Amino acid sequence: MPDPFVIAGRLLRSRLILGTGKYKTFQQTARALEASGADMVTVAVRRVNLDRSKESLLDFIDPKKYFLLPNTAGCYTADEAIRAARLAREVGISDWVKLEVIGDEATLFPDVQATLEATRVLVKEGFTVLPYTSDDIVFAKRLLDAGAAAIMPLGAPIGSGLGVQNQANIRILREMITGIPLIVDAGVGTASDATIAMELGADAVLMNTGIAGAQDPLLMAEAMKNAVLAGRQAFLAGRMPKKLYATASSPVEGVVR
């Protein structure tokens with residue numbers, strides 16, 4: 001692949017990572033995943049039927065086609081998140097984890113200190129940890145030092161659909177975080193938001209509500225697939241400089257007046 005996307009040694013085809021909550025049915029979830037082209041999907045450990053005694057989301061996600069990334073959504077302490085990650089590994093889902101430790105119920109902002117604590121514990125236990133965090137460069141570096149496999153800052157509050165509200169901070173993170181992927185997580189509401197995130201230099205975008213909450217989730221999933229691809233291509237191409245005044249598209253030198 002000319003522009004490979006790799007997390008912790010795992011090669012992924014798509015730079016779009018999908019959450020699996022908020023869809024009307026499990027069938028709609030499966031169709032949205034197909035339309036998105038994603039090959040990594042997150043599943044909330046606390047919201048799926050792990051004993052498979054009745055119909056479960058896991059029945060609609062082919063583990064041969066999608067890489068399952070358990071997440072610790074709904075956890076408010078480091079201990080809760082650690083237990084959820086261990087449970088996902090014990091039942092055979094994965095020893096990877098999208099780590100979420102929420103610090104505020106109204107905004108769903110992360111508790112960065114608890115996230116750091118949980119990262120240290122889980123990395124020592126052999127987990128591949130992808131932490132949801134703030135756009136704070138200091139904590140991003142601490143997570144990196146703790147062994148995080150990616151840095152996943154929010155672009156706006158979870159489920160808000162506001163788009164990337166912290167572009168300067170994402171740019172700074174992109175410049176200062178090297179060696180592991182930078183994945184914008186939360187806030188994307190439409191295709192242009194995903195493109196902007198990628199143009200800022202993000203390696204990938206993780207989203208859920210932006211697709212599940214659309215009037216036509218399947219069409220939005222396809223739009224997001226194209227948006228992430230376009231944004232990545234634009235980032236690699238390098239945009240033209242911004243200028244205050246116009247420049248003629250056709251050269252005027254040598255033109256007879």
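## Exercises on pockets, a helix pair and a salt bridge

The lining of the largest pocket divides by class into 15 nonpolar, 18 polar and 6 charged residues. The model is predicted, and the exercises below work through its pockets, one helix contact and one salt bridge.

**Exercise 1.** Describe the largest pocket by its volume, its lining and the elements that contribute to the lining.

*Solution.*
- Step 1. The volume: the largest pocket holds about 740 Å³ of space.
- Step 2. The lining: 39 residues line the largest pocket, and Gly21, Lys22, Arg47, Ala73 and Asn208 are those nearest its centre.
- Step 3. The elements: two or more lining residues each come from helix H1 (26-36), strand E4 (40-44), strand E10 (204-207) and helix H7 (209-212).
- Step 4. The largest share is that of E4, with 3 residues.

**Exercise 2.** Find which residues line the second largest pocket, and sort the lining by element and by class.

*Solution.*
- Step 1. The second largest pocket has a volume of about 360 Å³.
- Step 2. Its lining consists of Gln167, Arg171, Arg174, Glu175, Ile196, Glu199, Leu200, Ala234, Phe235, Gly238, Arg239 and Lys242.
- Step 3. Helix H5 (167-176), helix H6 (191-199) and helix H8 (217-237) each give two or more residues to this lining.
- Step 4. H5 supplies the largest share, 4 residues.
- Step 5. Sorted by class, the lining has 4 nonpolar, 2 polar and 6 charged residues.

**Exercise 3.** Describe how helix H2 and helix H3 pack against each other.

*Solution.*
- Step 1. Two packed helices are described by the distance between their axes and the angle between them.
- Step 2. For H2 (residues 78-90) and H3 (residues 112-124), the axes come within 9 Å and cross at roughly 35 degrees.
- Step 3. The crossing of H2 past H3 is right-handed.
- Step 4. On the H2 side the contact is made by Ala78, Ile82, Ala85 and Arg86, and on the H3 side by Ala114, Glu117, Ala118, Val121 and Leu122.
- Step 5. By class, this contact has 7 nonpolar and 2 charged residues, and no polar ones.

**Exercise 4.** Explain why the salt bridge of glutamate 34 with lysine 65 ties together parts that are apart in sequence.

*Solution.*
- Step 1. The cut-off is a side-chain nitrogen of Lys or Arg within 4 Å of a carboxyl oxygen of Asp or Glu.
- Step 2. By this rule the model has 9 salt bridges.
- Step 3. One of them joins the side chains of glutamate 34 and lysine 65, at 2.1 Å from N to O.
- Step 4. Glutamate 34 is in helix H1, while lysine 65 is in the loop between E4 and strand E5 (67-71), so the pair links parts 31 residues apart in sequence.

Note on methods. Residues are numbered from 1 along each chain as its sequence is written. This is a predicted model: local features need pLDDT of at least 70, side-chain atom pairs count only at pLDDT 80 or more; totals for chains, interfaces and linings use all residues. Side-chain values use heavy atoms; hydrogens and water are left out. Axes are lines fitted to C-alpha atoms, for helices over the stretch in contact, and angles run from 0 to 180 degrees between N-to-C directions. A crossing is left-handed if the near helix is turned anticlockwise from the far one by less than a right angle, and right-handed if clockwise. Contact means heavy atoms within 4.5 Å. Ala, Val, Leu, Ile, Met, Phe, Trp, Tyr, Cys and Pro count as nonpolar, Asp, Glu, Lys and Arg as charged, and the others, Gly among them, as polar. On a 1 Å grid over the protein atoms alone, a cavity is a set of points where a 1.4 Å probe fits but cannot get out, and a pocket is an open set with protein on both sides within 12 Å along at least five of seven lines; lining residues have an atom within 4 Å of a point. Grid points are joined across faces, edges and corners, and a volume is the space filled by probe spheres set on the points.
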